[in-house]
Every structure is written in structure tokens, then in C-alpha cells.
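Here is a short note to read with the model open beside you. Take the points in order, and look for each residue as its name comes up.

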Amino acid sequence: MSGRETINGVPVTEEQIDAWAAEAEAGYDVAALKKRGRGRPGRGAEPSQVVALRLTLEEIAAIDERAEREGKSRSEVIREALHLSAA
């Protein structure tokens with residue numbers, strides 16, 4: 001190994017590679033791996049869609065201020081506003 005191999009900036013050692021190889025040779029619990037899933041957890045029964053939205057710097061600042069104040073993410077603030085406008 002060249003000593004320059006990294007994962008997220010952390011050097012990978014021969015010992016780590018040996019441990020990974022031993023783990024792979026022992027086998028994996030496929031059911032547990034599938035259960036873990038990938039990506040963010042779903043918000044409902046249907047897959048969520050990503051929607052691009054153009055906002056001014058002032059609009060983004062207002063969303064960020066509210067999100068910070070309420071301990072929420074931008075997405076949560078926007079979804080809440082959409083829900084309230086539909087009610």
C-alpha cells in the first residue's frame with residue numbers, strides 16, 4: 001500500500017484492510033443490511049420528490065432566521081408554510 005490511501009481524509013492502514021477482509025470472509029447478514037436502507041428516511045408512504053425553487057437572498061435569510069429561531073430545517077419551515085397556506 002502506498003500510504004496515501006484515505007477515506008474522508010483518514011489514512012487507511014493495512015490492519016484496517018485486513019479487518020475488512022476478515023469481516024467480508026465471515027459473511028454479512030444480508031437481511032440486516034437491507035433493513036438499514038439508504039438515504040434519508042421517508043416522510044410517508046409515497047417517495048418524496050425533490051423540487052428546485054428559486055428564492056431571493058432576502059427570502060432565504062427570512063427562512064433561515066425562522067428555522068434558527070424555531071430549531072427547524074429550511075425544508076421544515078417551507079413545508080410548514082405550504083401546509084398552512086393550503087389550510
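How are H3 and H4 oriented to each other: roughly parallel or roughly perpendicular? Keep that question in mind as you start, and remember that this is a predicted model.

1. **The two helices.** Helix H3 covers residues 57-70, and helix H4 covers residues 74-86. Two packed helices can be described by the angle between their axes and the distance between those axes. For H3 and H4, the axes come within 9 Å and cross at roughly 100°. Angles of 65 to 115 degrees count as roughly perpendicular, so H3 and H4 are roughly perpendicular to each other.

2. **Who makes the contact.** On the H3 side, the contact is made by Ile60, Ile63, Asp64, Arg66, Ala67 and Glu70. On the H4 side, the residues are Arg74, Val77, Ile78 and Glu80. Try sorting them by type: you should find five nonpolar and five charged residues, with no polar ones.

3. **A bridge between the helices.** Side chains of opposite charge can pair when their charged atoms come close. A good pair to look at here is Arg66 and Glu80, whose side chains meet in a salt bridge with an N to O distance of 2.2 Å. Arg66 belongs to helix H3 and Glu80 to helix H4, so the pair links distant parts of the chain, 14 residues apart. How accessible are the two partners? Arg66 is partly exposed, with a relative accessible area of 22%, and Glu80 is also partly exposed, at 26% relative accessibility.

4. **Lys72 and its two partners.** Which residues does Lys72 pair with? One is Glu70, and the side chains meet in a salt bridge at 3.1 Å, N to O. Another is Glu80, where the closest N and O atoms are 2.5 Å apart. Lys72 is partly exposed, with a relative accessible area of 28%, and Glu70 is partly exposed too, with 33%.

5. **Putting the bridges together.** Now follow the pairs from one residue to the next: Arg66, Glu70, Lys72 and Glu80 are linked in a network of salt bridges. The structure as a whole holds five salt bridges.

6. **A closer look at Ile78.** Ile78 sits in helix H4 and is partly exposed, with a relative accessible area of 28%. Its C-alpha atom is separated by 9.4 Å from that of Ala67, eleven residues away along the chain.

7. **What the record says.** UniProt, in an unreviewed entry, places the feature "domain: Ribbon-helix-helix protein CopG" at residues 51-83. Over residues 51-83 the chain of this model is 73% helix and 0% strand. The C-alpha atoms at the two ends of that stretch are 16 Å apart.

8. **Away from the helix pair.** Find Lys34 in helix H2, which covers residues 30-36. Lys34 counts as exposed, at 69% relative accessibility. From Lys34 to Ile63 there are 29 residues in sequence and 36 Å in space, C-alpha to C-alpha.

9. **An unusual angle to check.** Where is Asn8 placed? Asn8 is in the loop between strand E1 (6-7) and strand E2 (10-11). The phi of Asn8 is near 55°, a positive value in a residue other than glycine. Asn8 is exposed, with a relative accessible area of 81%.

Notes:
Residues numbered from 1 in each chain as written. Predicted model: local features only at pLDDT ≥ 70, side-chain atom pairs only at ≥ 80, totals over all residues. Heavy atoms only, no water. UniProt positions renumbered as here; feature names shortened; annotations may be inferred. Helix = DSSP H or I, 4+ residues; strand = E, 2+ residues; numbered from the N terminus. Axes fitted to C-alpha atoms, helices over the stretch in contact; angles between N-to-C directions. Parallel < 35°, antiparallel > 145°, perpendicular 65-115°, else oblique. Contact = heavy atoms within 4.5 Å. Nonpolar A, V, L, I, M, F, W, Y, C, P; charged D, E, K, R; others polar. Salt bridge = Lys/Arg side-chain N within 4 Å of Asp/Glu carboxyl O. Buried < 20%, exposed > 50% of the residue type's maximum accessible area, 1.4 Å probe, protein only.
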